[in-house]
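Got the structure open in your viewer? Here's a walk through it, one selection at a time.

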Amino acid sequence: MITLGIETSCDDTGIAMIKNDREVLCEYLSSQIKDHSEFGGVIPEFAARKHLENILPLIDVATKNYKPDLIAVTRGPGLMGSLMVGVQIAVALSQVWNVPLIGVNHLEGHLFAPLIDAENLEPPFLSLIVSGGHTEIICVKNFGEYKLLGCTRDDAAGEAYDKAAKILGLKYPGGPEIDKLAKDGDELKFKFPVPLKNTREIEFSFSGLKTALLWQVKKFESEEILKAEINNLCASFQKSITDALISKLNLAVELTGINKIAVSGGVAANSNLRERLSEQKNFKVWLPKISRCTDNAVMIAMAGHNAYKRGVRNINNKIIPDPSLHEF
Ligand code: KG4
Ligand code: ZN
């Protein structure tokens, strides 16, 4: 069975074809990062227009060699205009080709990303989804059977990286920029808080950390001092985010007794987080390859195919995009 995955929830137009569970036949991604970076963030209206420009040429290339038996499309959460482009095209194609259509929750897509290259990961396991919009730990009891164990009270970790980068005068998206500069910094130079580190709840909070960075930057008397310290600031800020994520993963393992963890979402590309995860003794970690941490269509195809295999069906092949969709 061949599944066409379509992802347009934010600013990446992703198209992919997979065979059966996870064999990737082709994948294409048209990123809009350059278009939005001069504005310091994603402009929703502009993103939707760009998806419209990009999506049909990508589908054209993908369908040159493969004909899908199933279409899986992101139906939310995300930006309404962006979601509508992917969903409308998916509905039209499913009618023209007469193939079934599955609407996928973007978060369930991320949850599947570490499984693309990992045949040996079976439920139950824990999933940390850490992206620009979400920071949550989920218990995957079975595919399709998920329990939210905890999430962020305020900013998502990726959002904190993006806001911190703005404070430091770096480009959007901030995560990769901070990751790069932190490599030459001393993570112990500045002591930023690790929010909620010692509570026994699985919860995160990153907005205070961003404010702590802002106060530190305000203390500098000149731009030159900021420039001289920027690598150290990035490394110290990054350490606090990684510390918070690792400490709550350890707590989740302790509370559930489950010691297999899949990590996904844009922040899973962070080199410090990946290194620290690989050193953990209490749990084993599965990570997607870097290019599949951020939004992509392979993860949507895989989640859609899995749902179809579980018997999920979409009556009338109708899908309503839902920007604030939460439950899987
Ligand atoms: O999963 P994603 O592509 O989109 C959402 O669903 O949100 O994640 C994008 C987020 C951005 O906030 C970006 O700054 C962050 O992931 N990110 C990183 C890195 N690469 C992307 N954060 C830290 N380190 C990175 N290397
Ligand atoms: Zn995402």
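Before you click anything: helices and strands here are DSSP runs numbered from the N terminus, a helix needing at least four residues and a strand at least two. Also keep in mind that this is a predicted model.

**Stop 1: a charged patch**

Start by selecting Glu279, in the loop that runs between helix H9 (271-278) and strand E10 (284-286). Glu279 is partly exposed, with a relative accessible area of 42%. Now add Asp186, Glu187 and Glu275 to the selection: together with Glu279 they form a negative surface patch.

**Stop 2: into helix H9**

Stay in H9 and pick Arg274, which sits in that helix. Show what Arg274 touches beyond residues up to four places away in sequence, and you get Ala268, Ala269, Leu287, Pro288, Lys289, Ile290 and Cys293. Then draw a C-alpha to C-alpha distance from Arg274 to Gly175: you should read 14 Å, for two residues 99 apart in sequence.

**Stop 3: helix H6 and its packing**

Gly175 takes us to helix H6, residues 174-182. Which residues of this helix are buried? Colour Gly174, Gly175, Glu177, Ile178, Asp179 and Ala182. What do these buried residues pack against? Bring up helix H5 (157-167), helix H8 (223-256) and H9, and you have the packing partners.

**Stop 4: a buried leucine in H8**

Over in helix H8, select Leu249. Leu249 counts as buried because its relative accessibility is 0%, where the cut-off for buried is under 20%. Skip the neighbours within four places in sequence, and Leu249 is in contact with Leu128, Ile137, Ile261, Leu277 and Phe283. For another distance label, try Ser131: its C-alpha is 16 Å from that of Leu249, and the two are 118 residues apart along the chain.

**Stop 5: the salt bridges**

Time for some electrostatics. Side chains of opposite charge can pair when their charged atoms come close. How many salt bridges does the structure hold? The count is 16, and a few are worth zooming in on.

- Asp21 with Lys309: the side chains meet at 3.0 Å, N to O. This pair links distant parts of the chain, with Asp21 in the loop between strand E2 (12-19) and strand E3 (23-31), and Lys309 in helix H10 (residues 297-309), 288 residues apart. Asp21 is partly exposed at 29% relative accessibility, whereas Lys309 is exposed at 51%.
- Glu27 with Arg292: here the N to O distance is 2.7 Å. Glu27 is in strand E3 and Arg292 in the loop between E10 and H10, so this bridge ties together parts 265 residues apart in sequence. Check the surface view: Glu27 is partly exposed at 34%, while Arg292 is buried with a relative accessible area of 5%.
- Glu108 with Arg310: this salt bridge comes in at 3.5 Å, N to O. Glu108 belongs to helix H4 (residues 106-112) and Arg310 to the segment after H10, so parts 202 residues apart in sequence are tied together. Glu108 is buried at 7% relative accessibility, and Arg310 is partly exposed at 35%.

**Last stop: a network**

Finish by selecting Asp155, Glu159, Lys163 and Lys210 as a group. Salt bridges that share partners join these four, Asp155, Glu159, Lys163 and Lys210, into one network.

Definitions and conventions. Residues are numbered from 1 along each chain as its sequence is written. Chains are lettered from A and ligands numbered from 1 in the order in which they are written. This is a predicted model: local features need pLDDT of at least 70, side-chain atom pairs count only at pLDDT 80 or more; totals for chains, interfaces and linings use all residues. Side-chain values use heavy atoms; hydrogens and water are left out. Patches are made of residues with over 30% relative accessible area and no salt bridge: like charges are joined within 9 Å, nonpolar side chains (Val, Leu, Ile, Met, Phe, Trp, Tyr) within 5 Å. Accessible areas come from the Shrake-Rupley method with a 1.4 Å probe; for residues, only the protein chains shown count as cover. Lys and Arg count as positive and Asp and Glu as negative; His and the chain ends are not counted. The place of a charge is taken as NZ of Lys, CZ of Arg, CG of Asp or CD of Glu. Buried means under 20% relative accessible area, exposed over 50%, partly exposed in between (1.4 Å probe, protein chains only). Contact means heavy atoms within 4.5 Å.
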